Amino acid sequence: MPASPSTARALNDRLALRLLQHEGPLTAGQLKQLTGLSRPTVADLVERLTASGLITVVGESGELRRGPNARLYGIVADRAQLAALDVRTEGAFVLVSDLVGRVLAEASVPIGGDTGTGPAVEQVVTAVERTTKEAGADRLHTVGIGAPGLVDPATGDLRDSGGLPAWHRRLAAALQERLPEARVTVENETNLAALAEQREGAARDRDTFVLLWLGHGVGAAVVLDGALRRGASGGTGEIGFLPVPGTASLPSARDCDGGFHSLAGAAAIGALAREHGLPAAHDTDGPGAAEAVGAAVALLTGPPAAANDPADRFLDALADRIAVGAASVVAVLDPGCVVLGGEVGRAGGAVLAARVEDRLRGMSPLLTEVRPSTLGGAAVLRGALLTARDRAQDELFGPAAG
């Protein structure tokens, strides 16, 4: 059945707003060309969206002929302010942006390991409030949080996970209480990293791929036919618990030691580097592991005189370990593409990705391309911001389109 006039207007308005979001400011003529709508229809929707306060004239095009068709229309960026958080074991990163995603202010919040749950939550919430003020915002429309652990698909709450600080689970509720007008959502950090890599990073041309997160711990995010797959309990991609050969024990329901985490987590990478005579701290975290991997890559990609056998052997051994986990994922999902994400994935770059791909080719009949992350550890924060922006725009664009 044909759409009703109101439904057609809503669809046209949403289409125009999405184009303005992805393409930036456009003239009425460009909107007509990109949407395929008639000139009167475009004129009506521009007038409607301008009156609703969603778009405004932001300049003029370079056309010689002036007039209404030369005006550039853009989304009203200060219609709403958003916050994104990347929650880590040792603290959190916070940024505040406008509706089109332009960062207005950001902050880092270190949390000591001996900090109690209440004080830790208060430090992060206070940092969000302070960063919001620094951005010149009166209030936040949407807050997106990326955190390690399982997010319950039924409630949206972060579930209890062994080894993670208790303040992680309290944070979303505390933010909602202090920011009652904001919409606060939580998503698994690796899922957000995959979203960012798909939209802005290494997987922009892929509808199906797996992001293998290599940082402090390990994880995976699965994108099939353009959609993120979370699983029945929100645990798709918890490959740190994957039983693999080469470890001293098996993982348990509450501890991933003995699983793939024991082969490819930051501590394991640091120990592997030291075994090969390369410098690495004994308490290696995600950035520390990335530094060790990046230094090994630099030794191999510098001048010929810089060739380094220990670095070569270290990267070979690391690729062997990563391929063990990746091969299991490939055998089940056949994604065609694996992105090595996180700080370690980006530090290893094309050198590490090529070695992992070579090993997968020998272990599996399923052709799989392996790519390095282009966003690294920043992907979680970027993914949280993209999610917050999408949800805010879905709500704000909806009433105007109706």
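**Exercise 1.** Work out whether Thr131 is buried or exposed in this predicted model, and find what surrounds Thr131.

*Solution.* Start with the accessible area: for Thr131 the relative value is 0%. The cut-off for buried is under 20%, so Thr131 counts as buried. Next, place the residue: Thr131 sits in helix H4. Now list its contacts, skipping neighbours within four places in sequence: you get Val94, Val96, Ala105, Glu106 and Ala107. Finally, zoom out to the whole helix. H4 (residues 117–134) lies across strand S3 (81–88), strand S4 (91–98) and S5, and runs at about 155° to S5.

**Exercise 2.** Lay out the open sheet of five strands: what is its order, and which strands are at the edges?

*Solution.* Write down the order: S5-S4-S3-S6-S7, with mixed pairing. The edges are S5 (103–110) and S7 (183–188), each of which pairs on one side only. Average the turn between neighbouring strands, ignoring direction, and you get 15°. Then take one pair in detail. Strand S6 (residues 142–147) and S7 run parallel, joined by six bridges, and Gly146 stands opposite Glu187 in S7. To finish, add helix H6 (residues 189–200), which packs on the sheet by touching S3, S6 and S7, with its direction at about 95° to that of S7.

**Exercise 3.** Check the length of helix H5 (residues 167–178) against the expected span, then find out how its buried residues are arranged around the axis.

*Solution.* Length comes first. H5 has twelve residues, and at 1.5 Å a residue these should span 16 Å; the end C-alpha atoms are 16 Å apart, so the two agree. Next, pick out the buried residues: Trp167, His168, Leu171, Ala174 and Leu175. Look down the axis of H5 and they fall within an arc of 105°, so they line one face of the helix. What do they pack against? The partners are S3, S4, H4, S6 and S7. On the face turned away from the buried side, you'll find the exposed residues Ala173 and Glu177.

**Exercise 4.** Which residues touch the most other members of the largest nonpolar core, and which helix gives the most to this core?

*Solution.* This core has 42 residues, and the ones touching the most other members are Leu212, Phe314, Leu340 and Val356. Sort by element: H10 gives the most, with twelve residues. Now follow Phe314. Not counting residues up to four places away in sequence, Phe314 touches Ile269, Leu272, Ala273, His276, Leu278, Ala292, Val293 and Ala296. Another core lies apart from this one; it has 30 residues, including Ala83, Ala127, Ala135 and Val184.

Conventions: Residues numbered from 1 in each chain as written. Predicted model: local features only at pLDDT ≥ 70, side-chain atom pairs only at ≥ 80, totals over all residues. Heavy atoms only, no water. Pairing = 2+ DSSP bridges. Helix = DSSP H or I, 4+ residues; strand = E, 2+ residues; numbered from the N terminus. Axes fitted to C-alpha atoms, helices over the stretch in contact; angles between N-to-C directions. Contact = heavy atoms within 4.5 Å. Core = buried A, V, L, I, M, F, W, Y, C linked by side-chain atoms within 4.5 Å. Buried < 20%, exposed > 50% of the residue type's maximum accessible area, 1.4 Å probe, protein only. Expected span 1.5 Å × (residues − 1). Arc of directions from axis to C-beta.
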